[in-house]
Amino acid sequence: MDYVKAFVVGGIICVLAQILMDKTKLLPGRIMVILVCTGVVLGALGIYKPLLEFAQCGASVPLTGFGYNLWKGITEAVDKDGFIGLFRGGFQMAAVGSSAALIFGYIASLIFKPKMTK
């Protein structure tokens with residue numbers, strides 16, 4: 001049942017992003033920023049944590065989960081370190097995911113031949 005919940009919630013998030021891509025003239029980069037900021041706002045309102053507990057990876061894997069993760073890291077760092085936590089917390093919580101994306105992207109570029117468009 002956990003797989004079904006994760007699939008449904010993650011699918012709904014992806015469908016909403018696809019609707020934004022299809023029905024608006026927003027560029028993909030802006031839609032990504034909207035998704036991250038939505039995760040931050042929903043985290044601040046206390047809505048994203050129950051969704052994360054319900055859907056687990058279905059809510060943590062999409063970009064909204066990345067935004068929630070940034071918000072969570074910043075709030076924990078501000079509670080611990082004060083004002084400097086605004087700058088430190090997001091980097092600490094997102095470092096592993098960002099590093100993995102960079103490393104796997106680099107490995108993929110070594111294995112496959114990237115094609116640059118002119």
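The following questions and answers introduce helix contacts and salt bridges in a predicted model.

Visitor: What kind of model is this, and how are its residues numbered?
Guide: This is a predicted model, in which local features need pLDDT of at least 70, side-chain atom pairs count only at pLDDT 80 or more, and totals for chains, interfaces and linings use all residues. Side-chain values use heavy atoms, with hydrogens and water left out, and residues are numbered from 1 along each chain as its sequence is written.

Visitor: At roughly what angle do the axes of helix 1 and helix 3 cross?
Guide: Helices are DSSP runs (H or I, at least four residues), numbered from the N terminus. Axes are lines fitted to C-alpha atoms over the stretch in contact, and angles run from 0 to 180 degrees between N-to-C directions. The axes of helix 1 (residues 2-23) and helix 3 (residues 48-55) come within 8 Å, and they cross at roughly 135°.

Visitor: Which residues of helix 3 make the contact with helix 1?
Guide: Contact means heavy atoms within 4.5 Å. Helix 1 contributes Lys5, Ala6, Val9 and Ile13, and helix 3 contributes Tyr48, Leu51, Phe54 and Ala55.

Visitor: How many residues of each class are in the contact of helix 1 with helix 2?
Guide: The axes of helix 1 and helix 2 (residues 28-44) come within 10 Å and cross at roughly 145°. Ala17, Leu20 and Met21 of helix 1 meet Ile31, Ile34 and Leu35 of helix 2. Ala, Val, Leu, Ile, Met, Phe, Trp, Tyr, Cys and Pro count as nonpolar, Asp, Glu, Lys and Arg as charged, and the others, Gly among them, as polar. By class, the contact has no polar, no charged and six nonpolar residues.

Visitor: How far apart are the closest N and O atoms of Asp2 and Lys5?
Guide: Side chains of opposite charge can pair when their charged atoms come close. A salt bridge is a side-chain nitrogen of Lys or Arg within 4 Å of a carboxyl oxygen of Asp or Glu. Asp2 and Lys5 both lie in helix 1, three residues apart, about one turn of the helix. They form a salt bridge, and the distance between their closest N and O atoms is 3.8 Å.

Visitor: Is Asp81, the salt-bridge partner of Arg88, buried, partly exposed or exposed?
Guide: The side chains of Arg88 and Asp81 meet at 3.2 Å, N to O. Buried means under 20% relative accessible area, exposed over 50%, and partly exposed in between (1.4 Å probe, protein chains only). Arg88 has a relative accessible area of 35% and is partly exposed. Because its relative accessibility is 29%, Asp81 counts as partly exposed.

Technical notes
Helix = DSSP H or I, 4+ residues; strand = E, 2+ residues; numbered from the N terminus.
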